[in-house]
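Subject: Model for your files

Hello,

I am passing on the structure below. My notes follow it.

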Amino acid sequence: MSDEVLIKVENVSKKFCKSLKQSMLYGIEDITRDTLNLKTTSEILRKDEFWAVDDVSFEVKRGECLGIIGRNGAGKSTLLKMLNGIFMPDKGKITIKGKVGALIEVGAGFHPMLTGRENIYVNGSILGMSKQEIDSKFDEIVAFAELDEFIDMPVKHYSSGMYVRLGFAIAVQSKPDVLILDEVLAVGDVAFRAKCYQRLSDLFKNASVIMVSHDMSQIGQVASKVLLLQSGKSSTYDDVCLGVSEYNVENNVKKISSNDKAVSLGNSAQDASIEINKDLYYGEFLDVIININAVNSSQYIDARITVYANDQTTAFDCHTRAHNSSTQLIHGSNRLRARVGPVFLKSGNYSLSIAILNRENNEHIYWGTHIKTITVNGSPPYGSAIYLPKIQINNEKIGE
Ligand SMILES: Nc1ncnc2c1ncn2[C@@H]1O[C@H](COP(=O)(O)OP(=O)(O)OP(=O)(O)O)[C@@H](O)[C@H]1O
């Protein structure tokens, strides 16, 4: 990470009006005051107005990724729209250096009547690429977006996943200094998301990234710091786990113990513990046992296990949804076994983050960041294979 600050946000606020009629009257009042060179009232709240973003300040350096988190209506999209120049702040100052790429709304920036091919040229030039540059990157963009067959189809017929694939592929190829991503990646499928995160980690070396997400495992995986928005007001956390933990508390997710900030439980779980086979040989399976005491009636669940190397890079990230595996969490005690492997990692120590999620709404039931460590032994001298292990889950209490 360099010391060069690419995004600087200083005491920024944005207000909205709850009543459309009132907001139109204020609009007329503001234009009149402006025309008559009278003092404007942008810094104070009038009847029915509220601060959607309230006195927010932060900096993002080249090489950093800021994760913006917060409940629905907390002000995340409003803040992103100000960063992208769609809204002007009512107070404060935003300074952004370099080329900006943004994926804020699915389909935004695309012309529906134009084909994928035509939109690549239009969108690429908006992002500052020359025609020659787009020509040379064209095949790579189409291949990354996996849209070969559909590239000459008007984008109005694209699915939301196809829009996101194309938008992301163009944005990363334009080599932005600043990349702003709203929840758009949530639309893509698991395999495409994995590819995006890989590409993002390449981009992080030279860019500042801002990413909004409701998926705390993604934030844990990608962000280097976190901005938590609560009714427009912000708190910044250099420790991602701590920021996510505060968000979980706000969402009534219980911490397992007060001195273990990295572990949280959702509403449907009362307590949980983890057992693993700590030492494994190259090519063996990793067994993760998650004992959960559930208070709700049964629900289908997924498991996601992320394994980090010593330097905090992700060795692999696997999700049962990608391997068509799921089981039920039942009322009372559950003994979930997530079997991951074969594990072809080079010898060394690794740390594990484990998430158990409700399959229907993706809510976290259990979430532990860097909760356990494992040691892999006996990798061959020529290095480790690049191979994504499979993950299967079953609940030993219901004998599936
Ligand atoms: N154009 C607008 N006019 C009036 N109010 C608005 C406007 N846009 C957003 N708001 C309000 O501002 C607040 C912040 O909205 P915003 O969309 O930024 O939240 P968010 O954190 O992105 O939410 P979500 O997670 O649901 O996307 C909300 O109360 C919302 O209703």
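Which helix gives the largest share of the shell around the ligand? Helix H2 (residues 76-83) does, with three residues; helices here are DSSP runs of H or I with at least four residues, strands are E runs of at least two, and both are numbered from the N terminus.

Two notes on the source. Residue numbers start from 1 along each chain as its sequence is written. The model is predicted: local features need pLDDT of at least 70 and side-chain atom pairs count only at pLDDT 80 or more, while totals for chains, interfaces and linings use all residues.

The ligand is surrounded by Phe-16, Ala-52, Gly-70, Asn-72, Gly-73, Ala-74, Gly-75, Lys-76, Ser-77 and Thr-78 (C-beta atom, placed from the backbone, within 6 Å of the ligand).

Helix H1 (residues 20-35) has 16 residues, which at 1.5 Å a residue should span 22 Å (1.5 Å times one less than the number of residues); the end C-alpha atoms are 23 Å apart, which agrees. The number of buried residues in H1 is zero, so the helix lies largely in the open. Buried means 20 or more other C-beta atoms within 10 Å of the residue's own, exposed 12 or fewer, and partly exposed in between, with C-beta atoms placed from the backbone. Asn-37, which follows H1, has a positive phi, near 55°.

His-323 sits in the loop between strands E16 (314-319) and E17 (327-329). It counts as partly exposed, with 17 C-beta neighbours inside 10 Å. His-323 and Gln-392 are 69 residues apart in sequence, but 7.2 Å apart in space, C-alpha to C-alpha.

Regards
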